[in-house]
Amino acid sequence: MIAANSEETVWKRITADLTQENPPLQYHVLIYHDIHKVQLDIDIDPGGGFESGFETTTLMAVLPEQNGFKFALHHENFIDTIGKFFGMEDKEIGYAEFDNKIIIKTNDIAKTKNIFADKNSREVFQSLTGFSLHIGNRSIYNESTKEDFLAFEIDRGITDITELRRIYTAFATVLTAIEMIGKKKLAENDL
């Protein structure tokens with residue numbers, strides 16, 4: 001667990017953990033910063049023998065109830081291009097370069113556009129391949145309760161601190177935007 005009064009303190013600790021002489025092949029940490037509790041997992045299996053290895057990096061955070069709002073996005077690849085030709089769903093939210101590089105599925109285009117209003121976050125996600133970012137619903141911390149969560153998953157074990165922090169910052173920006181939309185909706189209901 002990393003709890004800190006500043007983002008700099010959090011990243012000093014993560015940097016120390018991941019830049020040691022023999023960095024861990026499995027890294028799991030809960031980052032407590034401001035109102036966020038973000039789970040970071042890095043798993044690198046180099047394989048061996050007859051097994052090929054795999055790598056993943058995951059960020060996950062529990063969200064307040066989303067009242068059915070969902071989105072999922074990933075980098076557009078060749079298969080998606082063919083799928084779009086045959087009518088696969090791909091929403092456009094009004095940011096041309098982002099829309100051209102990312103496959104977006106959502107049940108609320110306006111909310112999704114608001115969530116990705118930050119240009120820096122869009123640029124981070126549109127520069128990645130082999131990833132997904134989505135809102136899901138399942139038991140995370142308590143097996144008896146299902147929770148809405150935001151999850152980022154990429155098929156690489158990201159140990160480069162600059163890249164990892166850039167992705168974390170974009171994830172946190174999206175997380176904050178989702179929370180702000182939820183608070184705005186609650187305030188409207190109180191009127």
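So, Arg165 and Glu8: their side chains are joined by a polar contact of 2.7 Å. Keep in mind that this is a predicted model.

Let's stay with Arg165 for a moment. This arginine belongs to helix α6, which covers residues 161–190. Is Arg165 buried or exposed? Somewhere in between: its relative accessibility is 23%, so Arg165 goes down as partly exposed. If you skip the neighbours within four places in sequence, Arg165 touches Glu7, Glu8 and Trp11. And here's another way to look at that part of the fold: Arg165 and Ile14 sit 151 residues apart in sequence, yet their C-alpha atoms are 9.5 Å apart in space.

Okay, on to charges and rings. Tyr95 is the one to click on. Arg122 lies over the face of Tyr95, 3.8 Å from the ring centre. Lys113 also has its charged end over the Tyr95 ring, and there the distance to the centre is 5.5 Å.

Now the aromatics. How many aromatic pairs does a search of the whole structure find? Eight. I'll walk you through two of them.

The pair I'd pull up to begin with is Phe71 with Phe116, an edge-to-face arrangement with 5.6 Å centre to centre and 85° between the planes. What does this pair link? Distant parts of the chain: Phe71 is in strand β5, residues 71–75, while Phe116 is in the loop between α4 (109–115) and α5 (119–126), and the two are 45 residues apart. Phe71 and Phe116 are both buried.

Next up, Phe125 and Phe152. Why is this pair called tilted? Because the planes of the two rings meet at 50°, with the centres 6.0 Å apart, and tilted is the label for whatever falls between the 30 degrees limit for stacked and the 60 degrees limit for edge-to-face. This pair links distant parts of the chain too, with Phe125 in helix α5 and Phe152 in strand β8, residues 147–154, 27 residues apart. As for accessibility, Phe125 has a relative accessible area of 0%, so Phe125 is buried. Phe152 comes out at 1%, so that one counts as buried as well.

And how does this fit together? Both of those pairs belong to one aromatic cluster, made up of Phe69, Phe71, Phe98, Phe116, Phe125, Phe131 and Phe152. If you want to see it on screen, select those seven phenylalanines and show the rings.

That's my tour: the Arg165 contact with Glu8, the two charges over Tyr95, and the phenylalanine cluster. Okay, over to you.

Conventions. Residues are numbered from 1 along each chain as its sequence is written. This is a predicted model: local features need pLDDT of at least 70, side-chain atom pairs count only at pLDDT 80 or more; totals for chains, interfaces and linings use all residues. Side-chain values use heavy atoms; hydrogens and water are left out. Rings of Phe, Tyr and Trp (its six-membered ring) pair if their centres lie within 6.5 Å; planes under 30 degrees apart count as stacked, over 60 as edge-to-face and the rest as tilted. Helices (H or I, at least four residues) and strands (E, at least two) are DSSP runs, numbered from the N terminus. Buried means under 20% relative accessible area, exposed over 50%, partly exposed in between (1.4 Å probe, protein chains only). A charge sits over a ring if NZ of Lys or CZ of Arg is within 6 Å of the ring centre and within 35 degrees of the ring normal. Contact means heavy atoms within 4.5 Å. A polar contact is a pair of N or O atoms within 3.5 Å; within protein, one must be able to donate a hydrogen and the other to accept it, and residues adjacent in sequence count only if both atoms are side-chain atoms.
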